[in-house]
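Student: Could we go through this model step by step? I would like to see how each value is reasoned out.

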Amino acid sequence: MTVSTREPSALPAASPRGRKGGGGIAHSRRRLFVPFVGPALAFYTLVFVVPTFVALWISLHQWAGSGPMKWVGVRNYTALVHDKIFLHALVNTLELLVVVGIAIFVLSFAMTLILRDMAGRKVARSIIFFPHLINALVYGALIGFVFNPGGLVNTVLKAFGVTKPPGWLAQDNLFSLIMVAMIFMTTGYYTTIIMAGVDRIPLYYYEDCAMAGANAWQRMRHVILPLTWDVFGVCAVLWTISSVKIFEIIWIFGASSSAPPTQTWTVAVYTYATGFAGDTLAYGAATAAAIVSLVLVSVLVVLLRRVMRRDVIEF
Amino acid sequence: MAHRSTKTRTALVSVTTLALALGASACSGSTSDGSSAGGKTFTYWSMWKEGEPQQKVIAAAIADFEKQSGDKVNVQWVGRQNITKLTAALNTHNVPDLVDGSWANTVPALVNTDQALGLSGAFADKTADGETASSVIPEKYTKSVDINLPSGQPWMLPYNVQTDAFWFNAAKYPELKTNPPKTWAEFITLLDKFKSQGVAPIAADGDVAGYNTYWITTLIDRTGGPGTMKTIASDKTGQAWKAPDVLAAAQKLEQLVKGGYFINGYTASKFPYQQTAFANNKAALIMMGSWLPTEAAAYEAPGFIPDSFPFPTTGTADSQRLDLSGFVVPKKAKNTATAQQFAAFFLGKKYQTMWAANGGIPLRTDVSVGASAQSEMTALKGAKTFHQINDGITFTGYATKVLNPADDQLFLGKITPQQFVDTMASTQADYWKSQS
């Protein structure tokens, strides 16, 4: 197979400052660096870097969102470590990231392989993508209709003779239901991205496989996976970032009153519930939780990129 | 430190907000002298949304007030998020002059943070009928619900009352109107009767933690009167939960859970599924706030007549729940005098009567209420003592993180009363440790 590799850092645009004395063009490029990057950098600093530092500063206080602030040092952080609800929320967040993540990727990849050779694949792709287009609020409105004791599911089950169905919406089952809903909502999205990656693979590789007598597994192992690895990497980073931020689906599924049951909380829900839910106006503690989730995302993304790092394959 | 923090925060406010604030102050001018010469403007962020029956009453009052005083009310129908919105706005110069909310929501945001203005002015101002506001506010209520700042001035001008009760369909069970159960034993007998008739005795939307806590709060306050629950919650060691009376209260709740008195599936449904079941005669009773008739009107069975009786006694304590909602003025507001004049104006009989006609319980006791609220009104008038929602506990995050999770477990039949009090004791001790 004819694949060539090269280091990403060798790409000319990757590092304008990296190469010294590259002639006139490089010089003008360096000169234009500040006027071109400056405004974006200033904007980014204003709307992201500064608020992050302000948040860090708020997280060191006890504060009701307005009025006097009391300096408490790192106490909001030590309280988090001892807060069973927060630790549970952290486990839930990681569960969503790993369990739902694996399910989404396995399903997306499987669907990609099936759809590749299927007739009417464009229609099928749209149908799979559809759940992602629907606002989470619609699921919130539907969940009661479908899963209430006298809802659609139990009515269907009754027809099959199931008289004692499980309590789908019971507090202990709610998180599993949310995980299933997340898989349903997100699989189509990642299928679409991975399919775009698989579609790029030139046909002659498959012909090559057929001539070499490779079976379906070998074709996936030696052609499809290596040639779509960078797409997988991007998807993994996207999922990591969005999974740590999962919020509205839990709120919609669980919060009939001021907050959903704590069994279903993620770090994002914990943050909001601590800062804004009814009786809770602990902005300092909420911000501390937000900072922890920011650190979590950053660490996970860096780790993931390290694990997923491969030489870019050009074809 | 606090001063420095405020300065830094203010500096961080976006240019847009500053521009808005400048615009607002330019429009309003500086007219907080209390005179009623007219021509002044104040801003009101309402807890009601456009189209709600309550909003229509306030809108009518605003129209009358503007006509009579010549002042202008710049109103925004924000909805229940108005206090959350206010919390953020308090860090800017764009602060409304008047907000309203429930006692439980305004205390953490405005009173505990020392940002509520003393409203002696409003209490002395005239209602739409010309009498002073303080003369129509029942003293019995303000003695029970603490609406005073440390200075002694009230921080809320209440206009609405909420209570809770057991609701039933008076068309189906007229005997409950004339002869409601008064004691716990009578109550259980009634529930058994419903059960033997094949009717689910009590409907409950178990997914609403706030509703679930009505039971334990009331049962605990029934052991030692109003304030009992708050005293227990204030115990830094959490050991107060281990008192035999508290365990007995939790056991009464377990008696209902284990006795199968709650409607099937109450542990796994989504609000308002069970409330709808109640309004369609699939359960005999529901314990709910005074808003039930208004809320259930949309889906109740034809001929349904909501009526209520108070929570039974388990000993000698017989307090009624009483929660107040009303107007609050932030200290940082600029046009506080006009805002207070409107707050007092709204207590006029006309608006309180309109309020009652919409199914709400007005603050004034000299206004006749709708048919569905009459039993509640009788209970409120006859009550010697009152308790508030969650017994007036406003410790930040206590309900969300300490009480609700453990109470849900007990209410949904996951833990025993003993496990409940043990959990409360230990999580409460942790809670207070984290707050110290």
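Student: How much of the contacts in chain B with a separation of 6 or more comes from residues 24 or more positions apart?
Tutor: Keep in mind that this is a predicted model. Take the contacts in chain B with a separation of 6 or more. Residues 24 or more positions apart account for a share of 78%.

Student: What radius of gyration does chain B have, and why does it agree with a compact globule?
Tutor: Start from the length, 436 residues. A compact globule with that many would have a radius near 22 Å, so the value for chain B agrees. That value is 23 Å.

Student: What part of the residues of chain B is buried?
Tutor: Buried means under 20% relative accessible area. Apply that to the 436 residues of chain B. The buried part is 56%.

Student: How far apart are the mean positions of the positive and negative charges in chain B?
Tutor: Chain B has 38 positive charges and 36 negative ones. Each set has its mean position. The two lie apart by 4 Å.

Student: Now chain A. Which residues of helix α2 are buried, and on which side or sides do they lie?
Tutor: Helix α2 of chain A covers residues 75-82. Its buried residues are Asn76(A), Tyr77(A) and Leu80(A). They span an arc of only 100° around the axis, so they lie on the same side of α2(A).

Student: Which exposed residues sit on the face of α2(A) turned away from the buried side?
Tutor: The buried residues pack against other elements of chain A, including α1 (23-58) and α3 (84-116). Now look at the face turned away from them. The exposed residues there are Val81(A) and His82(A).

Definitions and conventions. Residues are numbered from 1 along each chain as its sequence is written. Chains are lettered from A and ligands numbered from 1 in the order in which they are written. This is a predicted model: local features need pLDDT of at least 70, side-chain atom pairs count only at pLDDT 80 or more; totals for chains, interfaces and linings use all residues. Side-chain values use heavy atoms; hydrogens and water are left out. The radius of gyration is taken over C-alpha atoms; the globule rule is 2.2 Å times the number of residues to the power 0.38. Buried means under 20% relative accessible area, exposed over 50%, partly exposed in between (1.4 Å probe, protein chains only). Contact means heavy atoms within 4.5 Å. Lys and Arg count as positive and Asp and Glu as negative; His and the chain ends are not counted. The place of a charge is taken as NZ of Lys, CZ of Arg, CG of Asp or CD of Glu. Helices (H or I, at least four residues) and strands (E, at least two) are DSSP runs, numbered from the N terminus. The arc is that of the directions from the helix axis to the C-beta atoms.
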